[in-house]
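Below are some notes on the model we discussed, set out as numbered points. Please read them with the structure open beside you.

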Amino acid sequence: MENRRIFLIVLDSYGIGALPDAADFGDEGSNTLKTITASKAYDTPNMKKLGLFNIDGVDWMKKEESPAGAYGRMKERSRGKDTTIGHWEIAGVVSPKPLPVYPNGFPEEILEKFREATGREVLCNLPYSGTDVIRDYGEEHMKTGALIVYTSADSVFQIAAHEEIVPVEELYRYCEIAREILCGEHGVGRVIARPFIGEAPNFQRTANRHDFSLLPPRDTMLDAILEAGYDTYGIGKIYDIFAGKGIAHTQRIQNNVDGMEKTLEMQEKEFKGLCFVNLVDFDMMYGHRNDIEGYANAATVFDRQLKTFLERMRPEDILMITADHGCDPGFRGTDHSREHTPLLICGEDIKENVNLGTRETFADIAATVLDLLHVENNTDGTSMKELIIK
């Protein structure tokens with residue numbers, strides 16, 4: 001068995017420029033990285049050293065003379081720009097059909113089944129910002145006990161409820177009911193519990209969010225790694241995104257900083273296989289809220305923690321940093337953006353200053369991970385191992 005630890009960190013929504021088909025999604029001209037690098041709060045010297053600004057298309061930043069690893073940009077081949085199919089593709093499965101979205105709210109046939117199964121009425125049923133929806137419907141929810149159901153540009157069915165009106169475990173049960181209802185043509189990527197607390201008009205969402213995801217359509221690299229006898233660790237919402245499939249161990253996190261602290265703790269553990277990390281604050285806290293300064297600062301904080309991670313890497317360790325889609329905080333609207341994503345790879349066994357160019361699918365990451373572990377490739381991607389290994 002290969003004595004290898006691979007750390008795969010997904011900077012949720014860290015896009016680096018519009019894909020060729022971005023106009024099909026209304027995202028032509030979006031560029032998350034370009035937006036945040038214009039902020040004085042942005043400072044990522046360690047990602048720069050790994051080659052972030054040497055990636056094709058990143059032509060507005062000063063390049064690193066001799067990057068410390070391999071670098072490239074990834075195209076999403078799946079027909080979507082949401083978290084679920086982005087991660088599925090990173091894990092090796094391309095989704096030719098987009099997951100269903102509901103710009104006008106969910107059909108009555110779905111809501112009728114949901115009301116009947118939960119015994120509660122429904123409020124809102126529109127695409128909405130998560131903070132705005134509890135501001136606008138929170139009081140009525142508290143008076144009536146009706147559940148706040150809303151969606152977004154993503155394939156999501158979200159249920160918001162005050163923790164004093166609907167205990168968290170009960171809210172989770174309602175989400176499980178919704179997950180069973182939402183299948184087939186209405187198989188949304190995620191059903192999300194969105195508990196909140198406080199009093200009007202100062203309601204606040206809590207950290208008890210929980211995602212109930214659709215199972216991937218087939219086995220991913222995670223299943224292959226487990227079947228080969230290796231370990232799979234999920235940090236952050238990785239377990240939720242894959243509905244637990246292929247994840248042997250999981251750790252919840254409070255925020256990006258906590259996520260990286262738990263990743264640093266994993267460096268001290270003895271394991272062989274994959275540690276798969278999602279840092280969601282870039283997307284949830286800053287991209288969707290058009291908070292350019294917050295996004296830029298989060299990148300700076302991550303980069304400081306990255307420095308510590310790089311210093312602690314063992315000779316057999318490999319680090320990969322990527323993203324699942326864009327969410328340009330300076331672009332019109334508050335939705336995800338159809339962008340290229342970065343790929344940075346480093347480690348003692350990785351060649352320095354290797355430009356991987358533009359890869360045709362995120363699934364090349366999964367193929368490479370499996371190849372590095374000497375596990376048979378069950379993915380839609382092509383391995384980059386021969387390009388990157390010394």
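1. In which loop is the place of P201? The structure shown is a predicted model, and in it P201 sits in the loop that runs between β6 (190-197) and β7 (204-205). The peptide bond that joins A200 and P201 is cis, with omega at about 0°, and this is a detail of the β6 to β7 loop that you may wish to inspect on the display.

2. Two residues other than glycine deserve a look for their backbone angles. S13, which belongs to the loop between β1 (5-11) and α1 (32-37), has a positive phi, near 85°. H374, placed in the loop between α12 (363-372) and α13 (385-388), likewise has a positive phi, in this case near 60°. As to their surroundings, S13 counts as buried because its relative accessibility is 0%, under the 20% limit, whereas H374 is exposed, with a relative accessible area of 56%.

3. The helix that H374 follows is α12, and α12 is largely enclosed by the rest of the structure, because 9 of its 10 residues are buried. The buried residues of α12 are A363, D364, I365, A366, A367, T368, V369, L370 and L372. Among them are the charged residue D364 and the polar residue T368, so a reader going through the buried side chains of α12 will meet charged and polar ones as well as nonpolar ones.

4. L372 of α12 also appears among the contacts of I389, a residue that lies in the segment after α13. Leaving out residues up to four places away in sequence, I389 touches R4, I318, D349, I350, K351 and L372. I389 can also be set against E316: the two are 73 residues apart in sequence, while their C-alpha atoms are 12 Å apart in space.

5. Turning to helix packing, α4 (residues 108-118) and α6 (residues 168-181) have axes 10 Å apart and pack at an angle of about 140°. That angle makes α4 oblique to α6, because roughly antiparallel would require over 145 degrees. The crossing of α4 and α6 is right-handed. From α4, the residues I110, K113, F114, A117 and T118 take part, and they meet Y174, I177, A178 and I181 of α6. By class, the residues of this contact of α4 with α6 divide into 7 nonpolar, 1 polar and 1 charged.

6. A second helix pair is formed by α9 (residues 256-266) and α11 (residues 292-312), whose axes come within 10 Å and cross at roughly 5°. With that crossing angle, α9 is roughly parallel to α11. On the α9 side the contact is made by N256, V257, M260, E261, T263 and L264, and on the α11 side by A298, V301, F302, Q305, L306, T308, F309 and R312. The residues of the contact of α9 with α11 comprise 8 nonpolar, 4 polar and 2 charged ones. When reading such lists of helix positions, one may recall that an α-helix has 3.6 residues a turn, so residues three or four places apart point the same way.

7. How many disulfides does a search of the whole structure find? The search finds 0, and two cysteines illustrate the distances involved. For C183, the closest cysteine sulfur is that of C175, at 16 Å, which is too far for a bond. For C275, the closest cysteine sulfur is that of C346, at 14 Å, again too far for a bond. C183 is partly exposed, with a relative accessible area of 45%, whereas C275, at 0% relative accessibility, counts as buried.

8. A last residue to examine is L126, which is found in strand β3 (residues 122-127). L126 is partly exposed, with a relative accessible area of 36%. Apart from its neighbours within four places in sequence, L126 is in contact with N104, V149, Y150 and T151. L126 and N378 are 252 residues apart in sequence, and from C-alpha to C-alpha they are 39 Å apart in space.

Conventions
Residues numbered from 1 in each chain as written. Predicted model: local features only at pLDDT ≥ 70, side-chain atom pairs only at ≥ 80, totals over all residues. Heavy atoms only, no water. Helix = DSSP H or I, 4+ residues; strand = E, 2+ residues; numbered from the N terminus. Buried < 20%, exposed > 50% of the residue type's maximum accessible area, 1.4 Å probe, protein only. Axes fitted to C-alpha atoms, helices over the stretch in contact; angles between N-to-C directions. Parallel < 35°, antiparallel > 145°, perpendicular 65-115°, else oblique. Left-handed = near helix turned anticlockwise from the far one by under 90°. Contact = heavy atoms within 4.5 Å. Disulfide = S-S within 2.5 Å.
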